[in-house]
Amino acid sequence: MIAAADFNITKAERSKLNDINLENIPFGKYFTDHMLEADYEDGEWKNVEIKPYQPMLVQPSLAAIHYGQSIFEGIKAYKNPNGEPFIFRPQDNFRRFNISAERMQMPPVPEEIFMEGMRQLVKMDSAWIPGQEDHSLYIRPFMFSCDETIGVKPSDKYKFMIILSPTGPYYSTPMRIYVEEEFVRAVPGGVGYAKAAGNYGASMFATAEAKRKGYDQVLWTDAFEHKYVQECGTMNVFFIIGNTAITPDLEQGTILAGVTRDSVITLLKEMGFNVEERALNIDDVIDAHKAGLLYEVFGTGTAATISLIKELRYKDYVMEFDVANWQTAPEIKKRLNEIRYGKREDTHGWMVKL
Ligand SMILES: *Cc1c(COP(=O)(O)O)cnc(C)c1O
């Protein structure tokens with residue numbers, strides 16, 4: 001078993017931090033001074049290293065490139081008003097990472113490497129966690145297959161890595177959404193519930209088509225009837241209809257179990273909403289809209305937290321929303337941010353101190 005004491009640590013000779021203005025940094029563009037890397041070989045994890053962020057040398061035959069055994073996570077670290085660093089619900093991402101690993105026939109990453117490795121890495125680069133409101137440090141753990149033969153089979157070798165990227169406010173302006181009826185993101189029996197790299201590659205064509213039609217993103221529907229709503233791009237989706245908040249359930253394995261989704265469900269209940277996790281037919285969404293009961297539609301995810309939807313188009317039926325007067329989504333975003341930045345009591349134990 002690997003213990004944190006066995007981590008091999010090499011410090012960067014100089015920090016790049018002074019070269020970068022941490023205000024209004026674009027998402028995912030800059031990386032901190034260090035990264036974590038571990039190898040899976042001969043049936044065990046070894047060589048856990050924290051070292052300077054640097055390029056990797058790989059063979060052209062690298063299995064991940066050819067057959068796509070590649071998974072990832074997205075987590076954020078914040079600083080409270082006293083400058084103390086916290087990570088938001090990392091244990092949930094750890095659990096989900098190994099669920100993705102199992103589905104992709106990859107070895108589980110031990111908690112000691114994922115959690116303790118992340119803790120040590122973030123601690124080492126904690127000067128990179130921006131202090132300003134709406135800023136955070138994005139944590140990207142990932143694993144990919146490393147065999148260097150192009151036969152189709154699960155690899156014998158894998159790499160697990162963590163890189164860190166400081167991010168500014170993710171200004172997501174309210175979105176115009178196209179209800180997708182031709183392309184699908186996930187199918188029952190498929191890999192929709194795994195955070196697999198290929199899910200992203202597979203979704204890009206439909207997203208580009210929606211953009212060509214003048215929309216920002218698609219609202220995915222189910223693979224068989226193209227009727228049941230799934231996710232909005234790479235975010236989970238919520239509909240506020242009357243005093244009920246509805247989001248698709250996780251039963252069929254086509255929905256990514258978002259940590260933000262789970263947090264939003266908890267906050268909605270605290271705010272007095274009925275929350276229903278269930279199949280939701282787009283026809284019922286339209287009926288609610290016609291009855292004047294469809295109040296808000298929004299996406300949830302780690303990158304943007306909450307993204308408001310100002311227009312939803314299904315076939316020729318266009319639903320427009322006056323997002324400036326919404327009550328619920330902005331309130332949830334406010335509460336979630338207050339918890340993250342240490343300005344509201346964290347009654348659920350979501351913030352993990354470094
Ligand atoms: C990552 C992701 C989400 C959001 O999950 P969070 O844990 O809230 O960041 C939603 N849908 C898909 C497809 C995703 O990949």
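I started with the ligand: 14 residues surround it (near = a heavy atom within 4 Å), and the closest are Lys195, Tyr200, Glu231, Thr260 and Thr302. Note to self: this is a predicted model, where local features need pLDDT of at least 70, side-chain atom pairs count only at pLDDT 80 or more, and totals for chains, interfaces and linings use all residues. Numbering runs from 1 along each chain as its sequence is written, and side-chain values use heavy atoms, with hydrogens and water left out.

By class, I get 4 nonpolar, 6 polar and 4 charged residues in that shell (Ala, Val, Leu, Ile, Met, Phe, Trp, Tyr, Cys and Pro are nonpolar; Asp, Glu, Lys and Arg charged; the others, Gly among them, polar).

Next, polar contacts (N or O pairs within 3.5 Å). Lysine 195 puts a polar side-chain atom 2.7 Å from a ligand oxygen. Glutamate 231 has a side-chain N or O atom 2.5 Å from a ligand nitrogen. For threonine 260, a side-chain N or O atom is 2.6 Å from a ligand oxygen. I then checked burial: the ligand alone exposes 380 Å², and the protein buries 96% of that (Shrake-Rupley, 1.4 Å probe).

Where does the ligand sit? I found it in the largest pocket, with more than half of its atoms within 2 Å of the pocket's grid points. That pocket holds about 780 Å³ of space. Of its 35 lining residues, Tyr170, Tyr200, Thr234, Met235 and Ala303 come closest to the centre. A pocket here is an open set on a 1 Å grid where a 1.4 Å probe fits, with protein on both sides within 12 Å along at least five of seven lines; lining means an atom within 4 Å of a point.

Last, I looked at the lining: H5 (259-270) gives the largest share, 3 residues.

Key: Polar contact = N/O pair within 3.5 Å; in protein donor to acceptor, adjacent residues only side chain to side chain. Points joined across faces, edges and corners; volume = space filled by probe spheres on them. Helix = DSSP H or I, 4+ residues; strand = E, 2+ residues; numbered from the N terminus.
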